[in-house]
Every structure is written in C-alpha cells, then in structure tokens.
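Trainee: I should like to learn how the features of a protein model are read. May we go through one example together?

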Amino acid sequence: MSTTTLRRAAQNTEPRTTSPHKPPARKIRDTLPDRMFLVVIYLLLVVFLLIVLLPLLYILASSFSSAAAVSGGRVTLWPVDFSLRGYEVALSDPTILRGYGNSLFYTVVGTFISVTLTIAIAYPLSRRNLWGRNTIMTIILFTLLFSGGLIPTYLVVQSLGMLDTRWALLLPQAIGVWQVIIARTYFRSAIPDELYEAAQLDGSSDLRFLWSVVLPLAKPLIAVVALMYAIAQWNSYLDALIYLKSDDLYPLQLVLRNILILNTTTGGAIDASVAMERQQLADLLKYSLIVVSSVPVLLIYPFVARHFTKGIMIGAVKG
C-alpha cells in the first residue's frame, strides 16, 4: 500500500469534530424595576449636577455684570450690563498680585514638602519587616482624633521662631493623616514584596529601590496626594491669619478677605451715595475675587484628572 493511500486512510479514520451551530447571543432586557431604578439614578444625577452647576454659573455671571445689577439682584445665570470693572479693580490692586505670588510659593513649596514627608512616612510603614510599624501607625491615627489645640500649637510655632515667617505656613500642617493612610495602602497593594526581594538580590539599596522602582510606579498616588495638598494649601488662610503679621507674606486668600472687609466697613460719617457705591463695589468684588482665586486650581486639575480616579480608589477594592 502506498504512502498516499495510508495518509488518506488515516484521515478518514480520524474523528471529525463538528461544531454545533450556536444561536446568536440574545441581549438581556432590563426588567421594569431595573428601568425605573435607572431613571431615578439619572434624575438624581441631574439634580446634583444642577445643585453644583447653577451656583457656579451665577457667580461667573455676577462677576461680569455691573455693580448696580449685582447689588440690585438682577443677575440670574447671564451677565447683566456686561462689565469688567470687578476684575479691573481686583487686578489693579498690587496687594492681590503680591498675594498671588505668595500663594503660588506656599502651594508649590508646601506641596513638595508635604508629598516628600508623606512618602517618607508611608513607604516604611508599608514594609512588613519594619519593627513597630503598627505602633507607629496607631500613634499617627491618634493625632487624627485628638490634637493639641490652637494655643499649644501657637506656642510651639512661637518657640521654634517661625512666627511671621513663611515656615509657619509650610511646616506645622505639612503632613496629613489621611494622605499617609492612602499612601501606605497604595504601597502595600501596588508594590509586592517579591519586587523588593528581587531588587535586593540585584544589590539595590532601600533608597535606590524607592527612587528607581517605587516612585515611578506611584505616579497616580503622587498626583492624588499632591492635588489634595495643593488645594488645601491654596485655600488656607487661618494659619496665615494666626501666625503672620507682615502684609508682604500674606497669601491670596487673606488678601482677598482683607479687601472685602475694607470695602464693606465704613467708619465715621460718609455721604450716602459714596456708601452705596462702596457697597455695590463690595458686592461685585465678592464674585470677581471668587473667580480670580479659583483659576489656578481649575488649571491644575486637568493635568492630574487622569490619575485621580485610579489613585483615589487605591485600597477600596482588594484583589
């Protein structure tokens, strides 16, 4: 028997597997309760969107309206008697520009210090071979529930010689407990022990492993923590009100507060028309200054938005 005949016989004896005809997948239809539930969810989302969006539109419209229209309550969601007077008065004040520079300095330098210290605390606490890590974490959590209070904190800042200096706004509130918890959870879940052991076998030191391996993998975490610290630092004014005395060191929020107080406070006898004009200007400045102080945060957020969702969910789901 030839080779060709043997091959044909082998092919004929092999079992033929025929795939049965699969019917097309049928789309699961939502039941009536499911549809009603989705409708309720969408309605709630629309309501929440309007609750957040309408005040923002009102503030923006008021900032581009005339002082008389704002004071008279004629502004709704669209500017009335379009005017840039509020921005002209706000930006023509040199104290506002100086406050902008101070706030940028406090935000950039303070965020860098806070992120550095947070990583320096959270990463060692995430390593299982650190002796006493649970005790240290308990002490840190204790400060979240109890604090020394305003007067002891002031006395500490005074004893360290930081009153009326920039350090008073950078160091006392440099570390946030929530940020430490988020960073510690991220390092425990995203940096496996096997990766650390492999780096040790290659002769890597702890600092080299942190700089070359951990930090590149922790970009979402760094973005989230930096955004939290930056927003808190930008909006902070209470520490400046307590610790600072020099006008040259005031951040933007404290400068805006003082401008609003000076424009709404009248001393002694004053003409009624002048008082009314001053009050109208104060009403207009409130909205213009809100927009002016919100611009930097709105410009920063798009650059970290893609990391925000991933970083904020760290530790929420195990697996």
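The dialogue below takes up the features of this structure in turn.

Mentor: This is a predicted model, in which local features need pLDDT of at least 70 and side-chain atom pairs count only at pLDDT 80 or more, while totals for chains, interfaces and linings use all residues. Residues are numbered from 1 along each chain as its sequence is written, and side-chain values use heavy atoms, with hydrogens and water left out.

Trainee: How many helices and strands are there in the protein?

Mentor: Helices (H or I, at least four residues) and strands (E, at least two) are DSSP runs, numbered from the N terminus. The protein has 15 helices and zero strands.

Trainee: What percentage of the residues count as buried?

Mentor: Buried means under 20% relative accessible area, exposed means over 50%, and partly exposed lies in between (1.4 Å probe, protein chains only). Here 31% of the 319 residues count as buried.

Trainee: How many salt bridges does a search of the whole structure find?

Mentor: A salt bridge is a side-chain nitrogen of Lys or Arg within 4 Å of a carboxyl oxygen of Asp or Glu. The search finds two. One joins Asp81 to Arg74, with the closest N and O atoms 3.5 Å apart. Asp81 is partly exposed at 46% relative accessible area, and Arg74 is partly exposed at 44%.

Trainee: Which residue forms a salt bridge with Asp248?

Mentor: The partner is Arg98, the closest N and O atoms being 3.6 Å apart. Asp248 lies in the loop between α13 (238-243) and α14 (252-264), and Arg98 in helix α5 (residues 94-126), so the pair ties together parts that are 150 residues apart in sequence. Arg98 is partly exposed, at 31% relative accessibility.

Trainee: What is the volume of the largest pocket, and how is a pocket recognised?

Mentor: Rolling a probe the size of a water molecule over the atoms shows where empty space is left. On a 1 Å grid over the protein atoms alone, a pocket is an open set of points where a 1.4 Å probe fits, with protein on both sides within 12 Å along at least five of seven lines; lining residues have an atom within 4 Å of a point. Grid points are joined across faces, edges and corners, and the volume is the space filled by probe spheres set on the points. The largest pocket has a volume of about 960 Å³. Among its 39 lining residues, Pro172, Gln173, Ile175, Gly176 and Asp239 are the closest to the centre. Helix α5 gives the largest share of the lining, six residues.
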